Amino acid sequence: NNSMAKALKLNNGTEMPIVGLGTWQSPKDEVQRAVRVALDTGYRHIDTAYNYQNEDAIGEVLDEYLKAGKVKRSDIYIVTKLPGIHMTPAKVRQSLEGSLKRLKVEYVDLYLIHSPMGMVHVSDDTPFPVDKDGNFMADNSTDLLGIWKEMEKLVDAKLTRSIGVSNHNSEQIDRICKMARIKPVTNQVECHLYYPNADLAAFCKKRGVTITAYAPIGSPGRPAFLYVLDFYFLNSRRYHIEL
């Protein structure tokens with residue numbers, strides 16, 4: 001289906017297929033079936049993240065299809081994201097290199113900062129650490145601008161073709177754009193008929209940053225997930241996210 005490959009030109013001249021397969025909350029066996037069906041159907045945009053804990057499963061399918069010649073690497077648009085537990089300048093490149101190894105590719109097409117707030121690094125197997133009282137362990141020393149400088153170096157190193165953000169509000173995007181050598185190409189945020197996020201979309205458009213919509217036709221697990229993350233997202237006085 002060629003319509004799946006229709007693309008939007010980003011501010012750095014690269015193109016991103018408009019329709020993508022989201023893989024949040026998709027366990028490994030399920031996500032492999034989904035990626036196979038998506039690629040066979042004509043999808044060329046696959047979105048994952050370290051936090052989804054399924055990059056390795058997706059990588060196995062990508063490797064299978066690339067080696068079999070069913071698709072070319074240049075035809076697939078792969079997106080993954082920097083997790084909160086790696087939100088320090090020293091961990092940025094290391095984190096992407098780990099994702100590349102799991103995805104079995106030499107580069108991704110788009111690497112996003114998953115959230116403007118870091119979390120305390122307890123272990124690489126604990127993307128959402130909690131303390132003894134069950135509270136999420138946010139890292140309020142997060143240096144967002146320092147992290148962005150390291151994201152730019154990933155483009156220089158050809159480990160990703162583009163960089164962007166996710167779940168960032170207008171103030172955070174403005175701070176990045178004012179100092180950026182390489183601007184964010186997109187802000188991936190919740191956007192659908194019941195929550196069009198129009199003000200943020202208009203703000204991003206003025207700065208040449210596209211909006212990538214997640215949950216555009218529904219997200220059954222999202223309400224419960226947000227309820228659990230209320231403390232993390234809404235009670236941080238330093239880094240407020242528009243939801």
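# Exercises on a predicted model

Cysteine 177 has a relative accessibility of 16%, so this residue counts as buried. The model you are looking at is predicted. Let's work through it together.

**Exercise 1. Find out how many disulfides the model has, and explain why cysteine 177 is not bonded to cysteine 204.**

Step 1. Recall the bond itself: a disulfide joins the sulfur atoms of two cysteines covalently.

Step 2. Take the cut-off: the two sulfur atoms must lie within 2.5 Å.

Step 3. Look for the cysteine sulfur closest to that of cysteine 177. The closest one belongs to cysteine 204, at 8.0 Å, which is too far for a bond.

Step 4. Give the count for the model: zero disulfides.

**Exercise 2. Describe the protein chain as a whole: what are its helices and strands, and what part of its residues is buried?**

Step 1. Count the elements: the protein chain holds eight helices and eleven strands.

Step 2. Turn to burial. Of the 243 residues, 50% are buried.

Step 3. Look at the surface. About 12,000 Å² is exposed, and 52% of that comes from carbon and sulfur atoms.

Step 4. Check the contacts. Among those with a separation of 6 or more, 70% link residues 24 or more positions apart.

**Exercise 3. Compare the reach of helix H4 with its expected value, then say what its buried residues pack against.**

Step 1. Locate the helix: H4 covers residues 144-156, which is 13 residues.

Step 2. Compare the spans. From first C-alpha to last, H4 reaches 19 Å, close to the 18 Å expected.

Step 3. List some of the buried residues of H4; among them are Leu144, Ile147, Trp148, Met151 and Val155. Glu152 is also one of the buried residues.

Step 4. Name the partners. The buried residues of H4 pack against strands S5, S6 and S9 and against helices H3 and H5.

**Exercise 4. Lysine 158 and asparagine 167 both have a notable phi. Where does each residue sit, and is it buried or exposed?**

Step 1. Start with the general rule: most residues other than glycine have a negative phi.

Step 2. Look at lysine 158, which follows H4. Its phi is positive, near 60°.

Step 3. Place lysine 158 in the loop between H4 and S9. Its relative accessible area is 66%, so lysine 158 is exposed.

Step 4. Turn to asparagine 167, whose phi is also positive, about 60°, although it is not a glycine. Asparagine 167 lies in the loop between S9 and H5. Its relative accessibility is 10%, so asparagine 167 counts as buried.

**Exercise 5. Describe the surroundings of asparagine 187: which residues does it touch?**

Step 1. Find the residue in strand S10, residues 186-190.

Step 2. Read its accessibility: the value is 0%, so asparagine 187 counts as buried.

Step 3. Leave out residues up to four places away in sequence. The residues touched by asparagine 187 then include Asn167, Ile173, Cys204 and Ile211.

Step 4. Add a distance: the C-alpha atoms of asparagine 187 and alanine 201 are 8.9 Å apart, while the two residues are 14 residues apart along the chain.

**Exercise 6. Work out which residues form the nonpolar surface patch, and where valine 19 is found.**

Step 1. Name the members: Leu8, Ile18 and Val19, which together have about 240 Å² of accessible area.

Step 2. Locate valine 19 in the loop between strands S2 and S3.

Step 3. Classify valine 19: its relative accessible area is 31%, so valine 19 is partly exposed.

Notes
Residues numbered from 1 in each chain as written. Predicted model: local features only at pLDDT ≥ 70, side-chain atom pairs only at ≥ 80, totals over all residues. Heavy atoms only, no water. Buried < 20%, exposed > 50% of the residue type's maximum accessible area, 1.4 Å probe, protein only. Helix = DSSP H or I, 4+ residues; strand = E, 2+ residues; numbered from the N terminus. Expected span 1.5 Å × (residues − 1). Contact = heavy atoms within 4.5 Å. Patch = residues over 30% accessible without salt bridge, like charges linked within 9 Å, V, L, I, M, F, W, Y side chains within 5 Å. Areas by Shrake-Rupley, 256 points an atom, 1.4 Å probe, with all protein chains shown as cover. Salt bridge = Lys/Arg side-chain N within 4 Å of Asp/Glu carboxyl O.
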